[in-house]
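Hi everyone, thanks for making time. I've got one structure to walk you through today, so let me put it up on the screen.

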Amino acid sequence: MQATQTEARRESRAWQSALDRALSAHDSEDALARYPHVAFAFPSTAPNPYSRDYPLLDYRELKEWATSRGWRVRPAPERAPAGEKYSPPVRFTRLPGGSARPAVGPRRH
């Protein structure tokens, strides 16, 4: 069980690093990310009742991470493809005066 949790944390950090790199390279004020990609980076401990393909997203953890990097985060249900009502894209909007560079180092779990 411990090995599985350790592997899950390692995979989550890899997804977070990829998301961080993508946001850092993004030049505009807004960015969209697919729900599954963000959910793999910030998985909830609760099971996803809507899909077995990806975890439920922990928005609280995501919001803390995004804010520390100069982004506000919100679901973008208006951009959800048909049939994906419960897994809309995630919108990242730069905070005023914010940058996409981390304000603090990566969190250790």
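Okay, let's start with one residue, Gln-16, which sits in helix H1, and that helix covers residues 2-25. Is Gln-16 buried or exposed? Its relative accessible area is 12%, and the cut-off for buried is under 20%, so Gln-16 counts as buried. What does Gln-16 touch, if we skip its neighbours within four places in sequence? Those contacts are Ala-41, Phe-42 and Trp-65.

Now let's zoom out. Keep in mind that this is a predicted model. The protein chain has three helices and three strands, and reading along the sequence you get α-β-α-α-β-β. There are 109 residues in the chain, and 32% of them are buried. If you take the contacts with a separation of 6 or more, 55% are between residues 24 or more positions apart. As for the surface, the accessible area of the chain is about 7,200 Å², and carbon and sulfur atoms supply 53% of that.

So, on to confidence. The chain's average pLDDT is 87, with 86% of the residues at 70 or above. Where is confidence highest, and where is it lowest? The high end is helix H3, residues 59-68, at 97, and the low end is H1, with a mean of 87. That's the helix Gln-16 belongs to.

One last stretch to flag: over residues 100-109, pLDDT stays under 50. The model does have 21 contacts beyond four places in sequence for those residues. But where pLDDT is low, the predicted coordinates shouldn't be read in detail.

How values were computed:
Residues are numbered from 1 along each chain as its sequence is written. This is a predicted model: local features need pLDDT of at least 70, side-chain atom pairs count only at pLDDT 80 or more; totals for chains, interfaces and linings use all residues. Side-chain values use heavy atoms; hydrogens and water are left out. Helices (H or I, at least four residues) and strands (E, at least two) are DSSP runs, numbered from the N terminus. Buried means under 20% relative accessible area, exposed over 50%, partly exposed in between (1.4 Å probe, protein chains only). Contact means heavy atoms within 4.5 Å. Accessible areas come from the Shrake-Rupley method with a 1.4 Å probe; for residues, only the protein chains shown count as cover. pLDDT is the predictor's confidence in each residue, from 0 to 100.
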